[in-house]
Amino acid sequence: MQVLMREDFDTLIEKLQGADYEVIGPRIREGAIVLDTVDSAGDLPAGWTDEQEGGRYTLHKTDSPSLFHYTVGPASLKSFLYPSKSLLCRVYGGHNDFDVEEPEIEAPRRAFVGVRACELHAMAIQDHVFAGGRHPDPVYTARRNNIFLVAVNCSKAGNTCFCASMGTGPEATAHYDLALTEVVEDGTHYFLIDAGTKAGRSMLDELPLRPARAAEEEAGAAVVRNAAESMGRSMDTEGIEDVFFENLESPLWQEVAERCLTCANCTMACPTCFCSTVEDISTIDNDMAERWRVWDSCFTTNFSYVFGGAIRKASSSRYRHWITHKLAAWQEQFGTPGCVGCGRCITWCPVGIDITEEAAVLRRQREARQGEARYGAGTRTAY
Amino acid sequence: MAVAYHEPMLPLPHRVRRMTWETDDTFTMELVAAGGGGGGITSFAPGQFNMLYVFGVGEAAISMSGSPSNPDTLLHTTRAVGSVTKALANLHPGQLIGIRGPYGVSWPVDEAEGRDIVIITGGIGLAPLRPLIYTLIEQRERFGNITILFGARTPDEILFRDEIEQWRRRFDMDVLITVDRASRDWRGRLGVVTTLIPQSPFDPKNSIAYVCGPEVMMYFTLEALEKRGMPRERVFVSMERNMKCGLGFCGHCQLGPKFVCKDGPVFRWTEVASLLDIREI
């Protein structure tokens, strides 16, 4: 482990820029920390921290010089690797004759600074979806191959975070080029830095570093430990597929539907949700037609439309589909869970529906049924 | 014309060679790769589908309805009910559409070897089964009794009428037709297709069933098959869901943990039995 002093942080950004990367990092935009171009360390939200709860997100300025003392905002890597809108093709001509033109794939070289462990896991999950099958998605794979990832281990956990219980954080353990732990103590401000790939190791060679002292390594470990211990929520994943597939007709779905607005915010903010639709647009002369792939959400009625009407008409069916897919069906489909515990769906739900709470209710319902099956005959004799 | 796209979702131009109206709202479209030979669909298995693209309108997933032994005559049969299928219906021979495929899991033929076969279908559901029927007839000696049970709403809605009449004249298979309602000149059976199951000549202990139709029809068909003692693992169904990509990543066609586009559309009943009982799954 080596140490990068805070005053040398700009060198890291300059070296990334020198390697022809556009550097993307956390920036404050419209009251939230999102991802945008970073020219220097001065652009990072120093001293800012966030407070998150179901349906609530606020930022506060503190006296701390910390650059990364907050958790994830509404933006994620997803929109950079899997754009919310991408052109599939242009078709020139008409019904009598046409030519299909495939657009050039835009895959800019980008370095992401300050990527959290849950984000890296979410990306690895999308790798399975978009690049793991028989038909790898060319846009995703091209963009994915052109990125450099500088992770930051979380120094605090949000109230809606539950990565520790999902095994996806708060420490970055895989999928990064470089990983940082920010330490601010006794007037010193430095980053413990480590490489996860060959590209990361080459970058280390270019930076003004010194070996970390044992006390510094311990201070870094304490930062991560503190985040893990202050996690606001947790998810019990034990046997979670059965919890959902044995509860497809639970009364919970109707109960959640009375609160759910089917607004699709959770699916837009989720870093793993991948559904898309295709929009057809043609010129007014009808001599050129475009096909655009755009993000879609299973919360819209049209999502499941077949001739005769939507399959999932009720909002209870749509919520059941989303959470069952995310926490249970995903495993059979892609060999991983579909949730990384980032808590975005809780924070950005306008009515604060909580994925961890709904999963816990289902688990209790199932346990109660199992209890009844086991002891039922004896307990009902009172009637 | 050898086209190599990077993007797996791009349509390959195909020309409409013939349009045949099967009923008032159902037609068969015969397609040939534009630019003649090469490119396009060179082979497919019974039960698979293509994504058909109409210029400026969009795509729809439609099963092949022709013979897999003759993939050069690429047939798709569909009802004109949605924006894409209505636009397809308005095309004329010589005009162009795009296709990509073939996609999906096919009806298992080898598993029928040495067994009686019962095909149960209603309405447009016969279209994705026709390639299977062609294959079974071509390899007739491999199988036991073959029975086709077909239901339509009215006699006018009987699909592939001439062909069904030919199949009925064969001595090596049984074809039973029923309609939900008819005028007095109909001399055949009346009632839903499930009423044909108890009297059909198949041995449930050594049979295989292929089922395709509206979901509610399949639900009651499966119930009737079970009542006759047909084991669930030898019943196959073809499911329909909204599809945008056909490749397993647009998410639209999910049926529980299954992607109908790549894990189906043909499923062994045991794979989806627990899901078919759930409303709006």
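These are my notebook entries on one predicted model.

**Ground rules.** I number residues from 1 along each chain as its sequence is written, and letter chains from A in written order. Because the model is predicted, local features need pLDDT of at least 70 and side-chain atom pairs pLDDT 80 or more, while totals for chains, interfaces and linings use all residues; side-chain values use heavy atoms, without hydrogens or water.

**Entry: the core.** I looked up the largest nonpolar core (buried Ala, Val, Leu, Ile, Met, Phe, Trp, Tyr and Cys residues joined through side-chain atoms within 4.5 Å; buried means under 20% relative accessible area, exposed over 50%, partly exposed in between, with a 1.4 Å probe and protein chains only). It has 115 residues. Those with the most contacts inside it include A:W322 and B:L225. Helix 3 (residues 117-131) of chain A gives the largest share, eight residues. Helices are DSSP runs of H or I, at least four residues, numbered from the N terminus. Domain 1 (12-103) and domain 2 (110-238) of chain B both give residues, so this core lies between them. The domain bounds come from an automatic or database assignment.

**Entry: B:L225.** I listed its contacts (heavy atoms within 4.5 Å). Leaving aside neighbours within four places in sequence, B:L225 meets B:I120, B:F202 and B:M230, among others.

**Entry: A:R6.** Is A:R6 buried or partly exposed? I found A:R6 partly exposed, at 23% relative accessible area. Not counting residues up to four places away in sequence, A:R6 touches A:A41, A:L67, A:H189, A:Y190 and A:F191. From A:R6 to A:I24 I noted 18 residues in sequence and 18 Å in space, C-alpha to C-alpha.

Notes
Helix = DSSP H or I, 4+ residues; strand = E, 2+ residues; numbered from the N terminus.
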